[in-house]
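Here's a quick tour for the bench. Have the sequence and the model open side by side as you read.

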Amino acid sequence: MFQEIITDKNSLLIKELKLKSFDVFTNETYSKYLDRLDAEYDKDFSSFFQCFQSISEKNIVKAIDILEKSKNICINKYLRKFLEDFNYTFADTKPSIDIWSKTNAAKKEYAFICDVVFRRIIDYDIIPETIIDIGTGDGFLLDKLLSFFTSLKKNVNLILIDKDVNLLNETKTKINKKYPSIKSIQLIHNKIENIDIASLKFNRKTTVINAASVLHELQLHEKKQVISQLKDISSNIFISELESNHDLPDVQYSKLAYSVFKFYDGLILDTLYSANVSKVEKIEFINNYLIFELFHILTNKYENRINYHTTQSGWENVFNYLKWDFDSYVTKFEDYLPNFFTFHLKS
Ligand SMILES: C[S@@+](CC[C@H](N)C(=O)[O-])C[C@H]1O[C@@H](n2cnc3c(N)ncnc32)[C@H](O)[C@@H]1O
């Protein structure tokens, strides 16, 4: 079973959530995790790291045993449950996206992106005629962006790109209904790195591209390739991402493990805190999405990792390398959450 997940990204295990075996924290227990001491945090990272060493030696019993003794940091508690009940598969994107958009972090993220995008569009006096949304997902963010864009110009062209065809179709239906003035909605069902971007011929000056929480799925060379091609079709691109350091070579495994530990621990806490997310959804999202992702990143080789979140300087190095002029907007919503940034690339 573990061999399968370690070596084959496409044949990922069987899906069955064991809801009963999880506790969701009550309000009182949250504070315990927020007040944790640095020393406890370091100790728990050490257990987390040893756990993955045991997994790499295919010694799952030992991995569970290590985590059993380490309960201060919530990520270790959930990882232990995940290993004990190990018969999961990665869910469709859809349920996870639906839950993500209800979390505190996502709500703050959407408000931040809109704030930056709207301000820049006004400051630079841009009247967008074509909007390209890469990694549209459930269209929750797109809806907020369109309410503003269509107030500037009603009959915009919309190009929606996503690797998930169901999400694309559902989002198109929602947007069609809510914004009947939109001139056309073109769907591109493909991975952005496989699209002939040059074929999207519009006026560069009036084409605005939004890529929120999607380009972290690309490896460094793909980030460069895609962002370089986008420069040919648009003079205003907004890229929004959470900060982490998962785009590291395999030899930097301990650094990668620390980055994964901090990133997912913060997102798990945020999920537990999110009042709009039901108990069942919390369990689904933490186990089937967050813990699965961290497990996947740390048990696969570089080219098969599930995501490649990178640092602010990692993104900025790519833009500098491609000679893009850009401005960076960075915020921290909570101490335990990763930094969040929106870059405005302009030319
Ligand atoms: C985390 S969601 C973000 C959705 C939306 N942009 C937002 O900010 O709420 C990522 C979306 O990107 C899509 N996606 C992931 N990798 C992709 C790729 N390489 N090319 C195109 N779409 C991709 C997923 O299917 C998913 O709908």
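## Ground rules

A residue is called buried if 20 or more other C-beta atoms lie within 10 Å of its own, exposed if 12 or fewer do, and partly exposed in between, with C-beta atoms placed from the backbone. This is a predicted model, where local features need pLDDT of at least 70, side-chain atom pairs count only at pLDDT 80 or more, and totals for chains, interfaces and linings use all residues. Residues are numbered from 1 along each chain as its sequence is written.

## The overall picture

The protein has 13 helices and seven strands; helices (H or I, at least four residues) and strands (E, at least two) are DSSP runs, numbered from the N terminus. Of its 347 residues, 40% count as buried.

Call two residues in contact if their C-beta atoms, placed from the backbone, lie within 7 Å. Among contacts in the protein with a separation of 6 or more, 77% come from residues 24 or more positions apart.

## Helix α8 and the ligand

Which residues of α8 are buried? They are Leu 141, Leu 142, Leu 145 and Phe 149. Their cover includes two helices, α7 (104-123) and α9 (165-178), plus the strands β1 (130-134) and β4 (207-212). There's also a kink of about 30 degrees in α8, centred on Leu 146; the bend at a residue is the angle between axes fitted to the seven residues ending there and the seven starting there.

α8 (140-152) also helps line the ligand: along with α6 (93-100) and β2 (157-162), it supplies at least two residues of the shell. Of the 19 residues around the ligand, Gly 135, Gly 137, Lys 191, Ala 212 and Glu 217 come nearest; a residue makes that list if its C-beta atom, placed from the backbone, lies within 6 Å of the molecule. By class, the shell has eight nonpolar, five polar and six charged residues. Here Ala, Val, Leu, Ile, Met, Phe, Trp, Tyr, Cys and Pro count as nonpolar, Asp, Glu, Lys and Arg as charged, and the others, Gly among them, as polar.

## Where α5 meets α11

Helix α5 (residues 74-84) packs against helix α11 (residues 253-273) at an angle of about 90 degrees, with the axes 9 Å apart. Cys 74, Ile 75 and Tyr 78 in α5 meet Phe 261, Tyr 264, Asp 265, Ile 268 and Leu 269 in α11. Sorted by class, the residues of this contact are seven nonpolar, no polar and one charged.

Note on methods
Axes are lines fitted to C-alpha atoms, for helices over the stretch in contact, and angles run from 0 to 180 degrees between N-to-C directions.
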